[in-house]
There are 2 protein chains.
Amino acid sequence: MSADLLAALRAAVGPAQVLTHDAPGADLSAWEQDWRKRAHGRALAVVRPGSTAEVAAVVRACAATGTAIVPQGGNTGLVVGSVPDDTGTQVLLSLSRLNAVRALDAANLTLTVEAGCVLQNLQDIAEKAGFLFPLSLAAEGSCTIGGNLATNAGGTQVLRYGNARDLCLGLEVVTAQGEVWHGLTGLRKDNTGYDLRDLFIGSEGTLGIITAATLKLYPLPAAQLTAWAAVPTLDAAVALLGLAHQHLGAGLTGFEVMGQFALGLVARHMPQLRVPLWQDSPYCVLLENSDSESEEHARGQFERLLETAFEQGWVSDAVVAESLAQAHGLWHIRESIPLAQAEEGLNIKHDISIPVSSIPAFCAETDALLQREIPGVRLVNFGHLGDGNLHYNVQAPAGADAKKFLNGQETRVNTLVFDAVARYHGSISAEHGVGSLKADHLPHYKDPVALGLMRAIKQALDPQHLMNPGRVLSP
Amino acid sequence: MSADLLAALRAAVGPAQVLTHDAPGADLSAWEQDWRKRAHGRALAVVRPGSTAEVAAVVRACAATGTAIVPQGGNTGLVVGSVPDDTGTQVLLSLSRLNAVRALDAANLTLTVEAGCVLQNLQDIAEKAGFLFPLSLAAEGSCTIGGNLATNAGGTQVLRYGNARDLCLGLEVVTAQGEVWHGLTGLRKDNTGYDLRDLFIGSEGTLGIITAATLKLYPLPAAQLTAWAAVPTLDAAVALLGLAHQHLGAGLTGFEVMGQFALGLVARHMPQLRVPLWQDSPYCVLLENSDSESEEHARGQFERLLETAFEQGWVSDAVVAESLAQAHGLWHIRESIPLAQAEEGLNIKHDISIPVSSIPAFCAETDALLQREIPGVRLVNFGHLGDGNLHYNVQAPAGADAKKFLNGQETRVNTLVFDAVARYHGSISAEHGVGSLKADHLPHYKDPVALGLMRAIKQALDPQHLMNPGRVLSP
């Protein structure tokens, strides 16, 4: 069986693009280990097709032999969704060679690309043509657009431009039967049937394989200005967000919140970064204003906004970046929190969302709950407040053994946090997806009717359950 | 059977809310006839539930007896999608009594409402609270948000805010089995599984019944300014659109194009409207600039934009509205085209979309083709150029019998236009949906793999095929 399959795969993509463990010196760990090193599987083979037709041929070969397929882009996911299990029976389908830019249509504001294109390359291609492709996230240097779409990636500009789903107009998909859906439309309006595009987006490779996409481009802003403000409470941060929406309209492209402990970790472990305003305030906020006119105009808007916020008592102190370098510096502080946290030791990560209006109450309640349950526990709370998305991470008490803490408390902490999220009508996975890591949680936290609909769709589109099995829906 | 069903329906919603033809003086034509008077069906009963639980009970009663359900909102659809067929066997489920506003969350920028709310009421509620709900279309005085979502309605502000789909964060849905999916999330990020929301949106009631929705609100713009420009060619209109994106960024909330013949009809049939600039130019464009700052600022932006456009030769003449009344007047001209066209006589309507970059070539080719095939035919071409959506309507030659023209030529004209749309990778239904009117066209113009996926999903979620049968997918 497996020999027949390997022969069929080699015929489909060429022998050089089928990697197996029995080759001399073979090391497939780059494909078999996930980004956070939480799982190390073993693939039957790593297959690297170079065209959509080859992807379809691989899927047909697997379907014919009942072989499971795990699609993989840049393998930077955070929920163990793109590595094979440890049975040695799954085919790892890497999309990385499918990386052509098929078209840039300036008048239509669209960019059509293959799944394996690295996100940062697409940002660069857009910018060189005078446009913005606004998807932006920490892994952009190695993640691929196919993976971004398969997981409906979020990032820092969701507030203005939406998630990956909102940035995509059309898809090309290889179905579980190995057929090709040619849905690469560049249309902004198309009401000819069910929204298959958005069904495949965010399905984490469990319904089919995205091989190409038509993406939206935006005009490049004339200026981007960044401000950093100390706020006295989370309520004040939420009020400031509302004011920023009013004053800046669609110019508001970033609104990040950072707790004092999180910023303290950056200050401690990366003293060269010079974190501003964090010492006297429980939270700081980073705001970004993207302006279609000029830097001067953006600065004037920021000044009026911050003046009003001071008067209202929602901001206690603030700085506006004087240069692009300073702006990058402020963003760099925000983006360094995960690393600073890692320096401090292992911790329990959450990627949750809550309606913005409930975030202050959620944090007050959950902070207190965790303190009560685990005295001395430290909360590294930061995130995209503008979209209600918090990375509400839990660090061992000072001086405690972090590994022991993680082993002993992770399940309990997850339950405490997820139950609180449920009470506030939030989501236990805002932007990272479900993968294997959270698949077992869904039956507990997801509406049962929604789960039933999801299972019915999975059964309809992938009746053999060969597409990334065990991800999203547990078996 | 039918007596049992009627008893069950009466038990579900109360006898007063089950209307049948055998009641003395019964006239159900308001529910049985479509907006454009293209079809008049006969319902077994019109059922008007007052709560989501009642909707679910109605669906269960119908499912138990194998009775088809046709859901209806404001019954303003343009593709015969919400009236019963003429067999007298279908239950017409009116959502109009489900019209409560459940919540307005200002800090979260969300509005949660029931399906039967009239669109204009929601616009007003949002505005009174200081926000914008941007969905806007001709039928807004009587269409309902449930229908808007079921058909993924478009309208005039899609360019900036997207279609109905893009304005919705969460849904409450009664499934074909009569279960309730409680998906009324107000979250902007939620990656916990398949995108059921977007699957139900645009499915035209064929997969389940939307009973409530959580909608996005936006800050109210401080000023909205409207300009009217004569352009020498469609190429110039497309170039002006690109320039407007650059200059106005997200401030560009409207970009409508109107052909000379369309404007001439308004000038002839509604002389009181005083159409500007149309006589010396093949096309005029209406631009709207929504500004978060001030009218003065918006005016300055418009002036710079139009100055550049003049220099480039993309605009030959332009006026900027001096007052809100003038702005409304310009929009009123645009919105009067369908009526002026009706005054001129019956015509063949199309609601197509094409990648913006291809619109000039599409129009040149298709105009010439139709002229060749049907000498003297007149083209009422107008639409939302910003989203590539044209209402490319075909009027009988001057002096010809319009009714005879329609009867004799509609199929042929549709084929000519739809084939041209297909050559340019466009859509034969941009914003109106499929309904019954275009269901037979889909197998010819839609990707066969996409159609297969749609049929598999329909079968999975509505295996009895009782939900709005014959719509979207022909039997």
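1. Start with β2 (residues 43-47) and β4 (residues 90-94) of chain B: these strands run parallel and share 4 bridges. Strands count as paired when DSSP finds at least two bridges between them. Helices (H or I, at least four residues) and strands (E, at least two) are DSSP runs, numbered from the N terminus. Within this pair, B:A45 sits opposite B:V91.

2. A word on the model: it is predicted, with local features needing pLDDT of at least 70 and side-chain atom pairs pLDDT 80 or more, while totals for chains, interfaces and linings use all residues. Residues are numbered from 1 along each chain as its sequence is written, chains are lettered from A and ligands numbered from 1 in the order written, and side-chain values use heavy atoms, leaving out hydrogens and water.

3. The open sheet in chain B has 4 strands in the order β1-β2-β4-β3, with mixed pairing. β1 (18-19) and β3 (69-72) of chain B are at the edges with a single partner strand each, so one side of each lacks a neighbour in the sheet.

4. Now the partner chain. Chain A goes onto chain B with an RMSD of 0.0 Å, by a turn of 180 degrees and a shift of 0.0 Å along the axis; the fit is least squares on C-alpha atoms of residues with pLDDT of at least 70 in both copies. The two copies are therefore related as by a two-fold rotation axis.

5. Between chain A and chain B there are 8 salt bridges (a side-chain nitrogen of Lys or Arg within 4 Å of a carboxyl oxygen of Asp or Glu). One of them joins A:R165 to B:D195, at 3.1 Å from N to O.
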